[in-house]
Amino acid sequence: MHLKDTEDHISFRAAARAWLSENVPAGPAPRDGAASRQYALDWVAKCHSGGWSGIGWPADYGGRGLGPDKLVIWYEEYVRARAPSVHDCTFVALNHAGPTLIACGTEEQKAFHLPQILEGRSIWCQGFSEPNAGSDLASLSTTGVVDGDDLVVNGQKIWTSFADIADYQELLIRTEPGSKRHKGLSWVICDMKSPGITVRPIRNMAGTVHFAEVFYDDVRIPLSSVVGGLHNGWATAMTTLGFERKTAAMGMQLDLSVRLEDLIAMAAPKPGSAMAERLADLRAEAAALRAITYRTLFRDQANPSEGSLMRLRFAELAREISETAMECLGAEALADSDWSHLYLESFSETIAGGTAEIQRNIIAERLLGLPREKRA
Amino acid sequence: MSYDLNRNADQRQILDAAEAMLAGSYPLARLREGASDNLAEASGFGAFLLGLPEEQGGAGFGIVEEALVHVLFGRHLLTPRSLAAALAVRLAASSGDDALMAAIAAGETAVAPAVRSGNGYLLIDPAQAGMALVFGAERLELVRIADAAPEAGLGHDLSIARMPANDGQAIAETDEAGLLLLSSLLVSAQLLGVAEAARDMAVEYAGIRRQFGSVIGSFQAIKHHCANMAVGTERISALLDMAALALSDGREDAAFQVAALRRLAPKTALANASLCVQIHGGIGFSDEADAHRFVKQAHILGRLGEGQPLLDLPAPLVAFSRA
Ligand SMILES: Cc1cc2nc3c(=O)[nH]c(=O)nc-3n(C[C@H](O)[C@H](O)[C@H](O)COP(=O)(O)OP(=O)(O)OC[C@H]3O[C@@H](n4cnc5c(N)ncnc54)[C@H](O)[C@@H]3O)c2cc1C
């Protein structure tokens, strides 16, 4: 058991810091729309030209094949430099669509999509949830019927982050007529410019457009866009969620520590005051979250459900930190600022990517071995 | 690989051996007899010399292994004299009293943990102890016990004694930062053990107790309590590894990691212990079940010293200013 920066790590950290300090854009990122898309793509392109795009991807696919030790160092330096949020509209492409294609895609799919993702030329979104299939994802009902060399897709997805500015979508649909639950699904690459797709942006409680409804009306998707095999979509989707919960989590969780240090600096609490105690608690919690992240990344035998544990702790802590910030702001909490915006946005943390309740069910059933709920 | 949080073969071996010793000599059922623990078996195992350098009689292990063994002590609700012994051995060693060090390590001289209260000390589990280790925020003191008056303790099964302060009694003392951090680390390790054991007992009961025709663990209200215990435990367990490694490597962030751990550990142990009582229902409130012992142990351990003020310490991860 050890955690040590070797000479190699130290020089890697220095290189990352030097590059970030010269290249991170100054000023705030646009919050939504076409401007946010352009900003994010420009940043990925810049990272790519500096050799810092998709550095955890295998070298064969344009990455640097770096292990979690170097990725952690990169993300530590990244958040400390206040580089653009890792959770922006490039998140899906870089953190799970790309890795899913690498794991399950065909050579043609990889050759076409991976360079676009790494070079900052395409934005992806994730079309899993439906109005009647949120927590219960396996009950989804958007269909794709095989017709010649195509699937003909009809139905609706909802809460699709960045659907309004995306080029491609990870689309999970029911392709085997009459199939139930996890069986008969397919994971397909959907070109968002296909005829028959209508995107209706949804404004969120923070006042920005983050997600959208997507309607499919006889949308034709070539069978060559199926990833991981026709009717085998659940396995591919689980691969996707596995990536979503691991590498990507690193940057978000480390970012929380930096954000909290900003809050402590802003609040400058009187020693011994109730606010000082609360901030100290949050600081301890952020340190613990960071320790959990390291543990999950640097242990061979991490149980997959530890991802839920890490995710749940992150989500709740993110909310607590934002709530505390609102108290520190006093009357200024009523104005739009980075902190008040973050506060409203933080309500999504315990919903998106599996709600806090669902994460608790997973922890109890799969980590602690408690019996499953009886179904009605 | 130089970022690795797996337990190596030596660590697994010492922990397996410690667990076997504890399961044999200190099963939880022993507590129902109400006798104070005899630490001879733990001493014989070498538990109190484990983390010392070999030239001081240590076994060549380090702080990390010692902390992990104290987690197991916590799980078995071993008397907190085990903490006093581990620290008193170091105080005796640093004051050059090798004979005293050997006597404490061998379990021949029992040391009761003590905390300051009012003008004096409260000694915890002081039966047969000739000296006490006083846990303070800025100082650890080894004092000789005199005039200690036994009285009823929390829930009538904690044995305590009250002793007036007397500065003349000190045998050894230290305000050395490393030892104070180690003290916080080991106290937290035992608190983690309490939290883990309370979680496991609650989960086990939730898996066998039936109501409304189902085991109660299939109800979400119970399931979510259990999940909360798992999350609570995991976060201090990960932080313990982090803090122990930082302390053992002399890393700059050691004080920060230990202080964060020390802040969270008592709350977590108490939260898990009280949920364990709750999940047991009526039997949980009875003296006959063991759930209440976790509550009491969490309170005892939580009183032993205090962590450094966390906001005063530099954070390891803050933004840097750009070119
Ligand atoms: C900001 C944001 C971004 C999102 N981005 C995407 C995206 O890009 N792609 C995508 O596919 N989806 C996305 N989602 C959707 C997200 O995955 C779902 O909202 C989430 O899984 C919950 O589903 P639901 O909204 O249908 O709520 P429901 O499933 O209807 O849940 C309602 C309430 O019931 C509780 N509940 C439901 N089932 C249980 C149960 N078994 N036990 C206990 N409680 C239960 C839930 O915890 C919740 O409190 C996003 C959501 C948000 C908020």
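In this predicted model, B:L77 is buried, with a relative accessible area of 5%. B:L77 sits in the loop that runs between α3 (63–75) and α4 (81–94) of chain B. The backbone at this position deserves a look as well: although B:L77 is not a glycine, its phi is positive, at about 50 degrees.

A second residue of chain B invites a side-by-side reading. B:H156 is not a glycine either, and its phi has a positive value near 60 degrees. This histidine is found in the loop between β6 (149–152) and β7 (159–164) of chain B. Is B:H156 buried or exposed? With a relative accessible area of 69%, B:H156 is exposed, whereas B:L77 is buried.

Chain B also offers a helpful lesson in how sequence distance and spatial distance can part ways. B:S43 belongs to helix α2 (residues 40–44) of chain B. Along the chain, 63 residues separate B:S43 from B:A106, yet the C-alpha atoms of the two are 5.2 Å apart. Which residues does B:S43 contact, once neighbours within four places in sequence are set aside? The partners are B:F48, B:A105, B:A106 and B:G107. B:S43 counts as buried because its relative accessibility is 8%, below the 20% limit for that class.

The surface of chain B carries a group of like charges. B:E138, B:D175, B:E176 and B:E306 together form a negative surface patch. One of these residues, B:E176, is placed in the loop between β8 (170–174) and α6 (177–206) of chain B. B:E176 has a relative accessible area of 45%, so this residue is classed as partly exposed.

Attention now turns to pairs of opposite charge. Side chains of opposite charge can pair when their charged atoms come close. How many salt bridges does the structure hold over all chains? The count is 48. Three examples from chain A show how such pairs can be described.

The first example joins A:E77 and A:R17, whose closest N and O atoms are 2.8 Å apart. This pair links distant parts of the chain, with A:E77 in helix α3 (residues 68–80) of chain A, A:R17 in helix α1 (residues 7–23) of chain A, and the two positions 60 residues apart. The partners fall into separate classes of accessibility: A:E77 counts as buried at 0%, while A:R17, with a relative accessible area of 29%, is partly exposed. Both residues also take part in a wider arrangement, a network of salt bridges that links A:D5, A:R13, A:R17, A:E76, A:E77, A:R80 and A:R290.

In the next example, A:R313 forms a salt bridge with A:E285, and the closest N and O atoms lie 3.0 Å from each other. Distant parts of the chain are again linked by this pair: A:R313 is in helix α9 (residues 306–329) of chain A and A:E285 is in helix α8 (residues 274–297) of chain A, 28 residues apart. Both A:R313 and A:E285 are buried.

The remaining example involves A:E316 and A:R360, a salt bridge with its closest N and O atoms 3.2 Å apart. Here, too, the pair links distant parts of the chain, since A:E316 is in helix α9 of chain A and A:R360 is in helix α11 (residues 356–367) of chain A, 44 residues apart. A:E316 is partly exposed, with a relative accessible area of 21%, and A:R360 counts as buried at 12% relative accessibility.

Helix α9 of chain A is also where A:M326 is found. A:M326 is buried, with a relative accessible area of 18%. Not counting residues up to four places away in sequence, A:M326 touches A:A333, A:S340 and A:Y343. A:K246, by contrast, is 80 residues from A:M326 along the chain, and 30 Å separates their C-alpha atoms.

The last stop in chain A is a loop. Where does A:S225 lie? This serine is in the loop between β8 (209–222) and β9 (226–227) of chain A. A:S225 counts as buried because its relative accessibility is 14%. Beyond the residues up to four places away in sequence, A:S225 touches A:Q109, A:W187, A:V188 and A:I189.

Key. Residues numbered from 1 in each chain as written. Chains lettered and ligands numbered in written order. Predicted model: local features only at pLDDT ≥ 70, side-chain atom pairs only at ≥ 80, totals over all residues. Heavy atoms only, no water. Patch = residues over 30% accessible without salt bridge, like charges linked within 9 Å, V, L, I, M, F, W, Y side chains within 5 Å. Areas by Shrake-Rupley, 256 points an atom, 1.4 Å probe, with all protein chains shown as cover. Salt bridge = Lys/Arg side-chain N within 4 Å of Asp/Glu carboxyl O. Lys, Arg positive; Asp, Glu negative; His and termini not counted. Charge placed at Lys NZ, Arg CZ, Asp CG, Glu CD. Helix = DSSP H or I, 4+ residues; strand = E, 2+ residues; numbered from the N terminus. Buried < 20%, exposed > 50% of the residue type's maximum accessible area, 1.4 Å probe, protein only. Contact = heavy atoms within 4.5 Å.
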